[in-house]
Amino acid sequence: MKCTGHCPYCEADSVFLINTYDAEGCFACNQWLEDACQDPTCPFCAHRPATPFGALFLLKERAELRIQQSRKDRLRLHYQHQHNTNRIKK
Ligand SMILES: [Zn+2]
Ligand SMILES: [Zn+2]
């Protein structure tokens, strides 16, 4: 995530574009710079949290889940690998 500009509310250079929600938010005053649209099926706005901090929290949680998942996958592959080599030896 990259700083994309200047906040019109608090004047801080803390505006970031959050791609997941296709929206810019200020992390200094914790406000979205754009209102969500009214479309309940919009892939961006329908699940957008009320604040940029809320969005950041969700993104972090999702990233941690992905890390845990890939760690599990690696363990499973390792196990299968050992299993296969044992079988070949016999
Ligand atoms: Zn601001
Ligand atoms: Zn929308």
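Strands S3 and S4 form a hairpin with 4 residues between them, and Asn30, in the turn, has a positive phi of about 60°. The model that shows this hairpin is a predicted one. Asn30 is a residue other than glycine, and its phi near 60° is a positive value. Its place is in the loop between S3 and S4. With 16 C-beta neighbours inside 10 Å, Asn30 counts as partly exposed, because the cut-off for exposed is 12 or fewer and that for buried is 20 or more.

The two strands on either side of this turn run antiparallel, and 2 bridges join S3 to S4. In this pairing Cys26 stands opposite Gln31, which belongs to S4.

From here the view can widen to the sheet. The hairpin strands S3 and S4 belong to an open sheet of 4 strands, in the order S1-S2-S3-S4, with antiparallel pairing. Its edge strands are S1, residues 3-5, and S4, residues 31-32, each of which pairs on one side only.

Moving back along the chain from S4, the next pairing is that of S2 with S3. Strand S3 covers residues 23-26, and 4 bridges pair it with S2 in the antiparallel sense. Within this pairing Leu17 stands opposite Glu24 of S3. S2 and S3 also form a hairpin, with 4 residues between the strands. Which residue of this hairpin takes a positive phi near 45°? That residue is Asp22.

The remaining pairing is that of S1 with S2. Strand S2 spans residues 15-18, and 2 bridges join S1 to it, the two strands running antiparallel. Gly5 has Val15 in S2 as its bridge partner.

Between S1 and S2 lies a loop, and Glu11 is located in it. Glu11 is not a glycine, yet it has a positive phi of about 70°. Is Glu11 buried or exposed? Glu11 counts as exposed, because it has 11 C-beta neighbours inside 10 Å and the cut-off for exposed is 12 or fewer.

Read from the start of the chain, the picture is as follows. Edge strand S1 (3-5) comes at one side of the sheet, and the loop that holds Glu11 lies between S1 and S2. S2 then pairs with S3 over 4 bridges, in a hairpin that contains Asp22 with its positive phi. S3 in turn is joined to S4 by 2 bridges, and the turn of that hairpin contains Asn30.

Notes. Residues are numbered from 1 along each chain as its sequence is written. Chains are lettered from A and ligands numbered from 1 in the order in which they are written. This is a predicted model: local features need pLDDT of at least 70, side-chain atom pairs count only at pLDDT 80 or more; totals for chains, interfaces and linings use all residues. Two strands pair if DSSP finds at least two bridges between them.
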